[in-house]
Amino acid sequence: MSLNHVRPWRNIYRRKSRRIMVGDVPVGGEAPISVQTMTNTLTTDVAATVAQVQAAAEAGADIVRVSVPDEASSRALKEIVRESPVPIVADIHFHYRRGIEAAEAGAACLRINPGNIGSPERVREVISAARDHGCSIRIGVNAGSLEKHLLEKYGEPCPDAMVESGLDHIRILQDHDFHEFKISVKASDVFMAAAAYQQLAEQTDAPIHLGITEAGGLMSGTIKSAIGLGNLLWMGIGDTIRVSLSADPVEEVKVGYEILKSLGLRHRGVNIISCPSCARQGFDVIKTVEALEKRLEHIKTPMSLSIIGCVVNGPGEALMTDVGFTGGGAGSGMVYLAGKASHKMTNDQMIDHIVEQVERRAEELEAAPDAAE
């Protein structure tokens, strides 16, 4: 991100890493931190899987991972790749042949777990297939599936064991002169994952894929991911992220973007700043925000909207947003445009009016010469 000389306390100094390509998406280096999710449909159901990939892409996913557990899934993958609007990562476990088949099917990246892919010879065959077909590789270390010898050495899953596993696998790739790889060291325990990622970041320049694995449901998983990934990103660690939730993949994408947006690392869509509401509110803040979140999902332009129930903080927040609404009295409130008080609007018409103002502001921002991508 660009340095903020006026507010240096907002600066995040990203760790320097090599850049690789996952299809046409750059990962690492100075590339934007990419957002990834994973389908949960049967891969053999091509129509359902493609629909889920497209929904995730529409929500902002840069990359989508698809499980390839059997030969039928490998065959389906070829069609999924052909119809996908974003690069597809093939998730490979246990059967090295699936990795070879996925590379042949056009996967942009192979996710392999060094703890269960098989012997070094089989891993070498997967590397060869990746090289031949222009695939990158993600080394996916997971605390729940570490190699037996590391569990015997350390006694239990721990950051040291996870990092050793990852570095061992890096050496295998490098010994075969393969460098188009990224790496993750995921755990469901936030402390373990954070410690492993910090150690890893100091020992390799490979792009790092962040994730708190098996984080939980929408609420609990979002909180765990925000804590774990948020702190690592704040430290400058991470080149691509996946929020793992027991929920619709679209929700993973939304949460991932919100984490990045909160740190100023990615900007997409409307950032709504709203109060929790109290007895001073001049309108129903909670229902208004719920309605606006749905009504404004189609806006991709980075911009800000403040929805504040009363004049205690409303005017101050509105000064720093593209569009704002602050509750007043007598069934109306003040509309702010580009940080300035503009006009009053009745509460019963304010949602439609705010949507119109946001759409208009988005058009203005898009038309500006220095419009953000």
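Contact here means heavy atoms within 4.5 Å, and the views below all show a predicted model.

**View 1. Residue Q357 and its contacts in helix α12.** Q357 belongs to helix α12, which spans residues 350–367. When residues up to four places away in sequence are not counted, Q357 touches V323 and L337. Because buried means under 20% relative accessible area, Q357 counts as buried at 6% relative accessibility.

**View 2. The open sheet of five strands.** The strands of this open sheet follow the order β11-β12-β13-β14-β15, and their pairing is mixed. The edge strands, each of which pairs on one side only, are β11 (270–274) and β15 (340–346). On average, and with direction ignored, neighbouring strands of this sheet are turned by 20 degrees against each other. Within the sheet, β12 (residues 303–308) and β13 (residues 323–327) run parallel and are joined by four bridges, and S306 has G324 in β13 as its bridge partner. Helix α10, made of residues 285–295, lies across β11 and β12 and runs at about 155 degrees to β12.

**View 3. The open sheet of eight strands.** Eight strands in the order β8-β7-β6-β5-β4-β3-β10-β9 form an open sheet whose pairing is parallel. Its edge strands are β8 and β9 (209–210), each pairing on one side only. At the β9 edge, two bridges join β9 to β10 (residues 240–242), and these two strands run parallel; the bridge partner of L210 in β10 is I241. Helix α9 (residues 249–262) lies across β3 (34–38) and β10, with a direction at about 160 degrees to β3.

**View 4. Strand β7 between its partners β6 and β8.** Strand β7 (residues 136–142) is largely enclosed by the rest of the structure, because seven of its seven residues are buried. The cover extends to both faces of β7, with S136, R138, G140 and N142 buried on one side and I137, I139 and V141 buried on the other. Four bridges connect β7 with β6 (residues 109–112), the two strands running parallel, while six bridges connect β7 with β8 (residues 181–186), again in a parallel arrangement. In the pairing with β8, N142 stands opposite K186.

**View 5. Residue R111 in strand β6.** R111 has its place in strand β6, and its bridge partner in β7 is R138. With a relative accessible area of 5%, R111 is buried. Leaving aside neighbours within four places in sequence, R111 is in contact with R65, V89, A90, D91, I92, H93, R138 and G140. By contrast with these contacts, the C-alpha atoms of R111 and L151, which lie 40 residues apart along the chain, are separated by 22 Å.

**View 6. Helix α3 and the elements around it.** Eight of the ten residues of helix α3 (residues 96–105) are buried, so this helix is largely enclosed by the rest of the structure. The buried residues are Y96, R98, G99, I100, E101, A102, A103 and A105, and they pack against α2 (71–83), β5 (88–92), β6 and α4 (120–132). Just after α3, G106 takes a positive phi of about 105 degrees.

Conventions. Residues are numbered from 1 along each chain as its sequence is written. This is a predicted model: local features need pLDDT of at least 70, side-chain atom pairs count only at pLDDT 80 or more; totals for chains, interfaces and linings use all residues. Side-chain values use heavy atoms; hydrogens and water are left out. Buried means under 20% relative accessible area, exposed over 50%, partly exposed in between (1.4 Å probe, protein chains only). Two strands pair if DSSP finds at least two bridges between them. Axes are lines fitted to C-alpha atoms, for helices over the stretch in contact, and angles run from 0 to 180 degrees between N-to-C directions.
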